[in-house]
Amino acid sequence: MNLNNDLVPIIRKGGIDKEAAKFLQKYYPQGLKEPMAIPVEDIAELKMGLEIDYVNIDRNCDTLGMMIFSDGCVELYDKDTQQNIVRQYKKGTLLVESDLSEIANRGRERFTVTHKMVHWDKHQLRFMTLSYKDKAMAKACRCPKQKAYKPKTADEWIEWQADNIAAAILMPAEMFRIKAEELRGKYCRLKGISQSIIKDLIIDELASTFEVSKQAAGIRLNTLEISM
C-alpha cells in the first residue's frame with residue numbers, strides 16, 4: 001500500500017470499490033457472492049479482533065465513533081453527572097456512541113462501525129506513529145458527524161477514505177448492481193406508478209437488503225451511476 005508523507009494511503013475515487021473488495025475478500029468473502037447485510041460487528045470482533053464498546057462520547061453526539069490505536073486514557077461524557085470523564089482503554093477498542101440508535105437508525109450505527117474498521121485496516125500506521133508523541137492519552141481517531149466532501153488535510157483525507165470505503169463495504173458494487181437490476185425488473189412492470197415512486201420503492205428495498213439508511217442507498221445508486 002502506497003503512503004504519502006503524512007502516512008495516509010494513496011487511494012483515489014476510482015480505487016474505492018477495489019479497496020472495499022479487498023477488505024471483504026480478506027474478512028468476509030461471502031459478501032462478494034450475494035446481496036446481503038454484511039455482518040459488520042461479527043467482522044470487527046471475530047475476524048479483526050476488535051472490542052466494541054457503546055458509550056456516550058460527547059455531550060451533543062457530535063462524535064459518532066472512535067477507534068483506539070494505543071493503550072491510554074480517552075475523554076468521554078457522563079450523562080448522569082453531565083461532566084466529561086476519563087476512562088482507560090486498550091488498543092483495538094472501537095467506541096460507538098450509545099445514543100446513536102436514538103438519533104438515527106440501524107444503518108447509521110452499522111456505517112459507524114464499518115467506518116472505524118476501515119481506519120483500523122488502512123490508517124493504523126499513521127495513528128500508531130502519532131501515539132509516540134503522547135504516551136498518557138490513547139491515540140484515537142474520532143468519527144465526526146460532519147463529512148469531509150472536499151478533503152485537503154491528512155485528517156480530512158483519512159475521513160474521506162473511511163466514509164467512501166465503508167459505503168462500498170456495506171454495499172459491494174457488483175452485489176448492489178445485481179440487486180438494483182433485480183428490483184428494477186420487479187417494479188418497472190407495475191403500471192400507473194411514476195418513475196419517482198418506483199425509484200423510492202427500489203431505494204427502500206436496497207436499504208433493507210443491505211441494512212443501510214435510505215440516504216446511503218440513494219447515494220450509492222448515484223455513485224455507481226445506476227439509472228432507475
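**Notebook: helix packing around α8**

I began with helix α8 (residues 195–210) and helix α9 (residues 214–223), which pack at an angle of about 110° with their axes 8 Å apart. The model is a predicted one. Angles of 65 to 115 degrees count as roughly perpendicular, and α8 and α9 are therefore roughly perpendicular to each other. I noted the handedness of this crossing of α8 and α9 as right-handed.

I then listed the residues that form the contact. From α8 I recorded K199, I203, D204, L206 and A207; from α9, K214, A217, G218, L221 and N222. Sorting the residues of the α8 contact with α9 by character, I found five nonpolar, three charged and two polar.

Next I turned to α8 and the helix α7 (residues 173–188). Their packing angle is about 140°, and their axes lie 10 Å apart. Because of that angle, I entered α7 as oblique to α8. The crossing of α7 and α8 is right-handed.

For this second contact I wrote down M175, F176, K179, A180, L183, R184, K186, Y187 and C188 on the α7 side. On the α8 side I wrote down I198, L201, I202, E205, L206, T209 and F210. The residues of the contact of α7 with α8 comprise 11 nonpolar, four charged and one polar.

Finally, I checked the two lists for α8 against each other. L206 of α8 appears in the contact with α9 and also in the contact with α7.

Conventions:
Residues numbered from 1 in each chain as written. Predicted model: local features only at pLDDT ≥ 70, side-chain atom pairs only at ≥ 80, totals over all residues. Heavy atoms only, no water. Axes fitted to C-alpha atoms, helices over the stretch in contact; angles between N-to-C directions. Helix = DSSP H or I, 4+ residues; strand = E, 2+ residues; numbered from the N terminus. Parallel < 35°, antiparallel > 145°, perpendicular 65-115°, else oblique. Left-handed = near helix turned anticlockwise from the far one by under 90°. Contact = heavy atoms within 4.5 Å. Nonpolar A, V, L, I, M, F, W, Y, C, P; charged D, E, K, R; others polar.
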